[in-house]
Amino acid sequence: MLRVFTLICIVFFVPVLHAQSLRVENISIKEGLSQGYVPDLLQDREGFIWIGTKNGLNRYDGREFLQFTHVPEDSNSMSDDQVWALKEHGDFLLIATGAGVLDFFHKKSRRFFHLPLIAGNTLNAPYTSKIFLDAQQHIWLVTGEFSSLRQICVIRIPEGFWEQLASNPERINSLKPEFIPTEKMYSAVMSKDRNTLFFNAENACYALDARSLQQTPINWPAGTRPINLHIDAEDKIWCALGTWMSCFDGNTYQDFVLDFPAEQFEGVLRSNHALLASSGELVAIPISKIRSAGKLSKSMADWKIPCPDAMLCKLEDSSGNVWVGQNGKGILKVNPGFRRVQHLFAGNSVYGAVFSESNGVVSAVLPTKMLVYPANASSNAEPIARQNTSKVLGHWRHNTDKSGNQWLLAAGNARSQLVKTVPNGTQKIFEIPGSIQIPGNLTTDDDGFVWLASDLHLFQFDTRTESWKTHSLKSVFSINPEIFCLQKTPDGTLWIGTQAGLLEAKPDGKDGFYYTLHTVETGKLRHNAVSSLLLDPQNPQVLWIATKGGGLARLDLSTRQFSHFYSRDGLPNDVLYGILPDTQGNLWMSSNKGIIRYTPATGAIRNFTEADGLQSDEFNTWAYAPGPNGTLMFGGINGLNIFSPESFGDNPHLPAVFLTGLSINNKPVGVGDSTGVLSQAIEFLGNIRLSFEQRSITLSFAALEFTTTAKNRFRWILEGAETSWHPETREGSATYLNLQPGSYTFKVMAANGDGVWNPTPAILKIKVLPPWYRTVWAYLMYVAMIGGLIYGYLRFRLAQLRLQQELELEHLNAERLTELDKFKSRVFTNVSHEFRTPLTVILGMAEQLENQPAGSGQAQSAVTLIKRSGQNLLRLINQILDLAKLENNALKINYVQGDVLAFVRYAAESMHSLASMKNVLLRVESNVAEGKIVMDYDPERLLHILHNLLSNALKFTQPGGRVSLRLRVELSESFKLSESWMRITVSDTGAGIPPINCPIFLIVFSRPIISRMPVWVDLESGFR
């Protein structure tokens, strides 16, 4: 009954399954390709993929397509939308179009230059299937009607043509396609040294010397006609047709028979694999196997993929990816050496136990069915029937002991069973005591025990005595939790991962256990649901704990200390399902974001997703187990993945990174457009200049490594605006808003899908110009304006001050003139009075002389008086002259040194006659004992002063009065520049001046007398 039920399960529940070891990507119009008919592919020297279609030329950077088509009003656009063939030379692409024109596309300026191949030339067919460049850089074309035989032409390129074409497009008119007479041909290929063109005609194959144009026939074996010629890395020619394949090394032929029809032969890859299409499959057979085998079969293929559409071309890029252009379904891309992940049971959500058997059979147990690979295999782990044999027991758990025995736990509605399967396939079933309502899990130890945990019980099965012991867990849990995993550690402790925490069951030495429950509440875990446990193979004192929300925990068994690793520490996801080790000490964990590889020794974390060939990003509980030959198995929502950890080594190909686009103010910028920013394609520019209005920009960039383009990563910095690099991201653009005027340097680095960074960044220097009002010329204008204003203001102020000064000067001059006039009036009044005195004397003396007899003594005295009066009159006249000198600033002081006391007495003596006439006593006094005062003085000026003072005193003194002239030498602290000074005081007994109107007149001579002694002159009037 059991065997019959197993067959029923396999027939009804196991579909025909296929293992997919290669990740195949289809690139079509859904991904942005302009059209699905792809006759040619090319990777240029920068790393971009160029794709010819019936709807224009496409450039692919792994993320976006840039399309070029024919624009009737633009003479620099393509000549036609149909692309037949592509070839690169330096900065140019050669493009054969459906219009019978060879386009020369300049990648930097993005301009197309056209060379007609039909009009005016000897060629009469628009279709060009192949383009070659020989060693002399001449262009060779294989042309003809699309469905018929073809012909050859050569376009000889003059020296300097390629360097001058971009700047002088008219040079293309000098090219003349030249027809090479040959038999009608099928295909052609250029030798590796590019000096010989091999082609096959209706009756033979030929080698055409590109220099001499000599054709040498190559005779293939009788009865064969080679087509689809291809050349390998060793310069050997290969062809295939139907069930026949042949290789020619220049001297000998080698033929091979295929046991499958080769509908198409697309040549030999750099990896030395022949690429053939047969019955909807693309097959890659190693050349080494072909040469050593007499008959070839698909089983010899290293890899094969479905390819239901006809192949038109193939390309192997710099990273080893194979691109296949199809007849209408776009492009197939595959990397034969990348991530060999086996994908089983696609379309099934694998969330039960998975295991592999010694015979290579892989099984996955689901609640209602069992999946087996290969599909025609019979698994030893057969389902176990209950009383109701129409239903398979569900919720299987699986473990393999050190002897290779498989132990399975099957639980149902009323009963549960433990199934032992020995390596030879023999099975034995053991009923589990009691009734298990909630399936748990099991593990085995090295002591011969099988441990089961389920439904609040811990079961111990002795494999030697086949007896059971049961331990209740009801005292530990307040609920009946689901049991996810069990692990026994070297100290005998049993660790049980549950939905409600991690249970530590430590032996008490009496066939019992001490229980400790570690939870979030006790501070030991970050999440209570413990999904997987692993005793570290390299350190048995470390227990790794996976949780469904708290990431990964590490338990040091010697110290019972927990440490945690979760998304904050770099894990891509905190929901972990299963943990498996590899031989290198890494931990592999399934999650809701792919498979995580964690290296405890370094802390390095790597994440692998659906882009790396996995069934999906989401995996399931229970579905993990070691696979055959060191592989690992993880199940998810779309099947089961089996892979070798070594296949997830780092991709060594460094991605070239290029800027691919520029947008200003959210509008794309093109080469030579109205913005004037891009003089050529941004991929080739080193710097750009932006106006102030163009300072909000978006830069697009791409990493030209096509193995897993979705996982390529970037980081960038705009030096001058930022101080640190942006965190790595998969976004291929950077936006900067409102950049301030100045100079910036944008740098972007790229890493491939495995995180291997290219240390050489793409660099673009950006200069944001200031607005016109902040330019140097504007600032100069501002300076000039401000300078002009300041200059104008200063001129105005200076003129104002000058005018004010002139007004003040005029005012002062007016005042001075007024004062001078007043002074003159006073002087002339005084002088007039003074004139009157000597004149009166002279007149009086003259009258006396008239009345006196001649020769009398009285007459002689009168003459003397007349003489003195005349001298006084002369002195007054000299004063008038001094006044004129004073007005002209020509008055000078003439100092002499002498006895000023004697000079003063002399001056006073001249006034005695006048004093006698008025009966006034004139007396000179001094406090100098020695009778001399020696000093510098101007006799004339001092005489004027004394005469004025004495004459005024005598004038206003009544007869019988007295006038005193006193000279005193005194010491005083009032003068800082001298130690002593001389005071001259004139006093009289006249009517005097009221005290309020009697100032002290001070005259200070600037020249010292004795010991720098100044002179003071006081007028004291009105005392008796």
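Q: How many salt bridges does the count come to?
A: The count comes to 32 salt bridges. The term means a side-chain nitrogen of Lys or Arg within 4 Å of a carboxyl oxygen of Asp or Glu.

This is a predicted model: local features need pLDDT of at least 70, side-chain atom pairs count only at pLDDT 80 or more, and totals for chains, interfaces and linings use all residues. Residues are numbered from 1 along each chain as its sequence is written, and side-chain values use heavy atoms, with hydrogens and water left out.

Q: What makes Asp650 and Arg606 a salt bridge?
A: Their closest N and O atoms are 2.5 Å apart. That is within 4 Å, so the pair qualifies.

Q: Why is Arg606 called buried?
A: Buried means under 20% relative accessible area, exposed over 50%, and partly exposed in between (1.4 Å probe, protein chains only). Arg606 has 13%, so Arg606 is buried.

Q: Why is Asp650 called partly exposed?
A: Asp650 has 46% relative accessibility, so Asp650 falls between the two cut-offs.

Q: How do you know that Lys747 and Glu719 form a salt bridge?
A: Their closest N and O atoms are 3.2 Å apart. That is within 4 Å, so the pair counts.

Q: Why are H6 and H8 called oblique to each other?
A: Helix H6 (residues 900–909) and helix H8 (residues 939–955) pack at about 45 degrees. Angles under 35 degrees count as roughly parallel, over 145 as roughly antiparallel, 65 to 115 as roughly perpendicular and the rest as oblique. The angle fits none of the named ranges, so H6 and H8 are oblique.

Terms used
Axes are lines fitted to C-alpha atoms, for helices over the stretch in contact, and angles run from 0 to 180 degrees between N-to-C directions. Helices (H or I, at least four residues) and strands (E, at least two) are DSSP runs, numbered from the N terminus.
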